[in-house]
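The following exercises ask for a reading of strands, charged pairs and aromatic rings. Each task is followed by a worked solution.

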Amino acid sequence: MLTLHGFPFSNYHNIVKHALMQKGVPFDEHIVYPNTPEMLAVNPTGKAPAMTTEKGTQLSESSVLLEYLEDAYPEHSLFPEDVEVRGRVRQLMKVSELYLELAARRLLPAVLGNIEFPQATLDEVKSVLERGAHSLTALANFGPYLVGPELTLADIYLRYALAIPKMVGPAKLDWNVMEVVPGLADWDAMMASTDIAQKIDADQKANATEFMAFISKPK
């Protein structure tokens, strides 16, 4: 059976976990934390998530894992059949990662560790987030999903990519992505209402104390 290595508090882990559950692919979840010997044994970069395929191949990087799942388990594809719409899905995934998740991640220490950042850094992050929000507004049609009536990988990717912007935007930038992208709040509520999302959210909450204890240990 396929094994997903990582930890439920990680939004990138949860992107892949949601895709596995949405596609109905059986898997074992091996809870392991970054840069530990256990993680390094399955991913030389020490990052979560990683995956051991049914044939024993070790893979990492969330976007690579998602592409692998589509190739290896095509029966319940999370990409549209139309190649043009499929390109739009990939575009939305990249925008979600580069202009929303990764930009906001720079300020995560300000929320988790009360670390102060210079105003120039705050302004730079906000500028990138605003570019991401503008792109999301232009690309998504919320019909009711991002590219139409069917859920795709773009929806799964964005749901978990928004976790950090929703955290740091209001707290540190006086900016809320949920308020500046029309239709996003309703879409987010719809995505959160599914059985899969609720299971993943419950697992994330249950893992929070253990993960916080892990990152608090002296390195």
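The model is a predicted one.

**Exercise 1. The charged pair of glutamate 29**

Task: Determine which side chain meets glutamate 29 in a salt bridge, and establish whether each partner is buried or partly exposed.

Solution. Step 1: the partner is lysine 17, and the N to O distance is 3.2 Å. This distance satisfies the cut-off of within 4 Å.

Step 2: locate both residues. Lysine 17 belongs to helix H1 (residues 11–23) and glutamate 29 to strand S2 (residues 27–31), so the salt bridge ties together parts that are 12 residues apart in sequence.

Step 3: assign the exposure. Lysine 17 has a relative accessibility of 2% and therefore counts as buried, the limit being under 20%. Glutamate 29, at 31%, counts as partly exposed.

**Exercise 2. Two further salt bridges**

Task: Describe the pairs lysine 166–aspartate 188 and lysine 199–aspartate 203 by distance, location and exposure.

Solution. Step 1: in the pair of lysine 166 and aspartate 188, the closest N and O atoms are 3.0 Å apart. The two residues link distant parts of the chain, with lysine 166 in helix H8 (residues 163–173) and aspartate 188 in helix H10 (residues 184–192), 22 residues apart.

Step 2: lysine 166 is partly exposed, its relative accessible area being 31%, whereas aspartate 188 is buried at 13%.

Step 3: lysine 199 and aspartate 203 meet at 3.1 Å, N to O. Both residues are part of helix H11 (residues 195–216) and lie 4 residues apart, about one turn of the helix.

Step 4: lysine 199 is partly exposed at 44% relative accessibility, while aspartate 203 has a relative accessible area of 17% and is buried.

Step 5: place the pairs in context. The structure holds 10 salt bridges. Lys17, Glu29, Lys199 and Asp203 are linked in a network of such bridges.

**Exercise 3. Strand S1 and its sheet**

Task: Work out which strands S1 is joined to, in which direction they run, and where S1 stands in the strand order.

Solution. Step 1: examine S2. It is joined to S1 by 5 bridges, and the two strands run parallel. Histidine 5 has histidine 30 as its bridge partner in S2.

Step 2: add the helix. Together, S1, H1 and S2 make a right-handed β-α-β unit.

Step 3: examine strand S3 (residues 50–52). Here 3 bridges join it to S1, and the strands run antiparallel. In S3, histidine 5 has alanine 50 as its bridge partner, and leucine 4 stands opposite methionine 51.

Step 4: assemble the sheet. The order is S2-S1-S3-S4, an open sheet of 4 strands with mixed pairing. S2 and strand S4 (58–60) are the edge strands, each pairing on one side only. On average, neighbouring strands are turned by 25 degrees against each other, direction ignored.

Step 5: consider the environment of S1. Leu2, Leu4 and Gly6 point one way, Thr3 and His5 point the other way, and all are buried. With 5 of its 5 residues buried, S1 is therefore largely enclosed by the rest of the structure.

**Exercise 4. Aromatic rings**

Task: Classify the ring pair of phenylalanine 9 and phenylalanine 211 from its geometry, and state which parts of the chain it ties together.

Solution. Step 1: choose the descriptors. An aromatic pair is described by the distance of the ring centres and the angle of the planes.

Step 2: apply the geometry. The count of aromatic pairs comes to 5. For phenylalanine 9 and phenylalanine 211, the centres are 5.1 Å apart and the planes lie at 25 degrees, so the pair is stacked. The relevant limits are centres within 6.5 Å and planes under 30 degrees apart.

Step 3: locate the rings. Phenylalanine 9 lies in the loop between strand S1 (2–6) and H1, and phenylalanine 211 in helix H11, so the pair ties together parts that are 202 residues apart in sequence.

Step 4: compare the exposure. Phenylalanine 9 is partly exposed at 25%; phenylalanine 211 counts as buried at 11%.

Step 5: extend the view. One aromatic cluster is formed by Phe7, Phe9, Tyr33, Phe211 and Phe214.

**Exercise 5. A charge over a ring**

Task: Identify the residue that lies over the face of phenylalanine 79.

Solution. The residue is arginine 90, at 4.5 Å from the ring centre.

Definitions and conventions
Residues are numbered from 1 along each chain as its sequence is written. This is a predicted model: local features need pLDDT of at least 70, side-chain atom pairs count only at pLDDT 80 or more; totals for chains, interfaces and linings use all residues. Side-chain values use heavy atoms; hydrogens and water are left out. Buried means under 20% relative accessible area, exposed over 50%, partly exposed in between (1.4 Å probe, protein chains only). Rings of Phe, Tyr and Trp (its six-membered ring) pair if their centres lie within 6.5 Å; planes under 30 degrees apart count as stacked, over 60 as edge-to-face and the rest as tilted. A charge sits over a ring if NZ of Lys or CZ of Arg is within 6 Å of the ring centre and within 35 degrees of the ring normal. Two strands pair if DSSP finds at least two bridges between them. A crossover is right-handed if, with the strands pointing away from the viewer, the path from the first strand over the helix to the second runs clockwise. Axes are lines fitted to C-alpha atoms, for helices over the stretch in contact, and angles run from 0 to 180 degrees between N-to-C directions.
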